[in-house]
Amino acid sequence: MNTQQGTRLRFTKMHGLGNDFVVFDGINQTVALTPEQCRRIADRHFGVGCDQILLVEATTRDDADFRYRIFNADGGEVEQCGNGARCFVRFVHDHGLTDKTAIRVETAASVIEPRLLDNGLVRVNMGVPRFAPAEIPFAAEAETLTYPLKVGQHVLEIAVLSMGNPHAVLRVNDLDSAPVDILGPAIESHSRFPQRVNAGFMQVLTPHDIRLRVYERGAGETLACGTGACAAAVAGIRQGWLASPVSVHARGGNLVIEWAGKDQPVYMTGPAETVFEGEIEL
Ligand SMILES: N[C@@H](CCC[C@H](N)C(=O)O)C(=O)O
């Protein structure tokens, strides 16, 4: 990747439920970021500060309108981002890159379909969840509903799935006392997840309501995680604890997740907000 030291780039600061993003228009300006530059932009003291950087690009696919790339705060490029998908559609619409309200977006994982609703929220077809261990990827001999995962002295019963990116979901009785800051990093970097994993902790309130905290791969605990919300709802529905639609209460706010079951796509509905515009010198 070319570095762009000394160049100034326009950006937009956005968030979805407090999961925050620095978004670059890579169509009207040349953006080629190194992992080190991503880390500096994401730094909350020396940069703009964000959980992820989103890069809007043209697509070469006939079946998509745009491509978007996602970089975690640690500089690693990843496949999917739910809150980012909602901010993405708000960005391309507000910046006049399209007048469509329903668009198809190529990500590193798949083509997703965000749609701006009349009430200001965004609904996204996030695609079909995958459960085969090799597709996550996760080291297991066969596919099962949950897996015992040894973490230190504990054996945790986790569900694992891919929403384009990898997720482990653990049910807890009380989210406030769950040791997310200890178990989160241990699960994220567990040797059975060769590409690391996003670790979700869910407390079931009713069959249609959960509380969720997610320790994100490459970003630490965020105020909300869109793909994490999809993964938790799907894991809960598969295990018979939840029924669609599921309201997911994260620290930063609420998302609604719908899933009709096996081989069906997951739909996520929630807000996307612009905070400010700026320029950064790399
Ligand atoms: N915040 C995101 C997920 C971003 C990527 C994730 N940290 C990963 O490494 O897969 C979301 O809203 O889904």
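## Exercises on a two-domain predicted model

Of the 20 residues around the ligand, those that come nearest are Asn 83, Asn 165, Arg 217, Gly 226 and Thr 227. The model is predicted.

**Exercise 1.** Determine which elements supply the shell around the ligand, and what its make-up is by class.

*Solution.* Step 1: list the elements that each supply at least two residues of the shell; these include β4 (66-72), α2 (82-94) and α4 (226-238). Step 2: find the element that gives the most, which is α2, with 3 residues. Step 3: sort the shell by class, which yields 5 nonpolar, 12 polar and 3 charged residues.

**Exercise 2.** Explain where the ligand lies relative to the two domains.

*Solution.* Step 1: take the domain assignment, which gives domain 1 as 8-126 + 272-281 and domain 2 as 133-264. Step 2: check which domains give residues to the shell around the ligand; domain 1 and domain 2 both do, so the ligand lies between them.

**Exercise 3.** Describe how domain 1 and domain 2 are placed and how they touch.

*Solution.* Step 1: the C-alpha centres of domain 1 and domain 2 are 23 Å apart. Step 2: count the contacts; 21 residues of domain 1 are in contact with 20 residues of domain 2. Step 3: on the side of domain 1 that touches domain 2, α2 gives the most, with 3 residues. Step 4: by class, that side of domain 1 has 7 nonpolar, 11 polar and 3 charged residues.

**Exercise 4.** Classify the packing of α2 against α4 and name the residues that meet.

*Solution.* Step 1: α2 and α4 pack at an angle of about 130°, and their axes are 4 Å apart. Step 2: angles of 65 to 115 degrees count as roughly perpendicular and those over 145 as roughly antiparallel, so α2 is oblique to α4. Step 3: the residues that meet are Gly 82, Asn 83 and Ala 85 in α2, and Gly 226, Thr 227, Ala 229 and Cys 230 in α4. Step 4: by class, the contact of α2 with α4 has 3 nonpolar, 4 polar and no charged residues. Step 5: compare with the ligand; Asn 83, Gly 226 and Thr 227 are among the residues that come nearest to it.

**Exercise 5.** Assess how compact the protein is for its length.

*Solution.* Step 1: the protein has 4 helices and 18 strands. Step 2: its radius of gyration is 18 Å, close to the 19 Å that the globule rule gives for 282 residues, so the protein is as compact as a globular protein of that length. Step 3: along the principal axes, the C-alpha atoms fill a box of roughly 50 × 40 × 35 Å.

Methods. Residues numbered from 1 in each chain as written. Predicted model: local features only at pLDDT ≥ 70, side-chain atom pairs only at ≥ 80, totals over all residues. Near = placed C-beta within 6 Å. Nonpolar A, V, L, I, M, F, W, Y, C, P; charged D, E, K, R; others polar. Domains from an automatic or database assignment. Contact = placed C-beta atoms within 7 Å. Axes fitted to C-alpha atoms, helices over the stretch in contact; angles between N-to-C directions. Parallel < 35°, antiparallel > 145°, perpendicular 65-115°, else oblique. Rg over C-alpha atoms; globule rule 2.2 N^0.38 Å.
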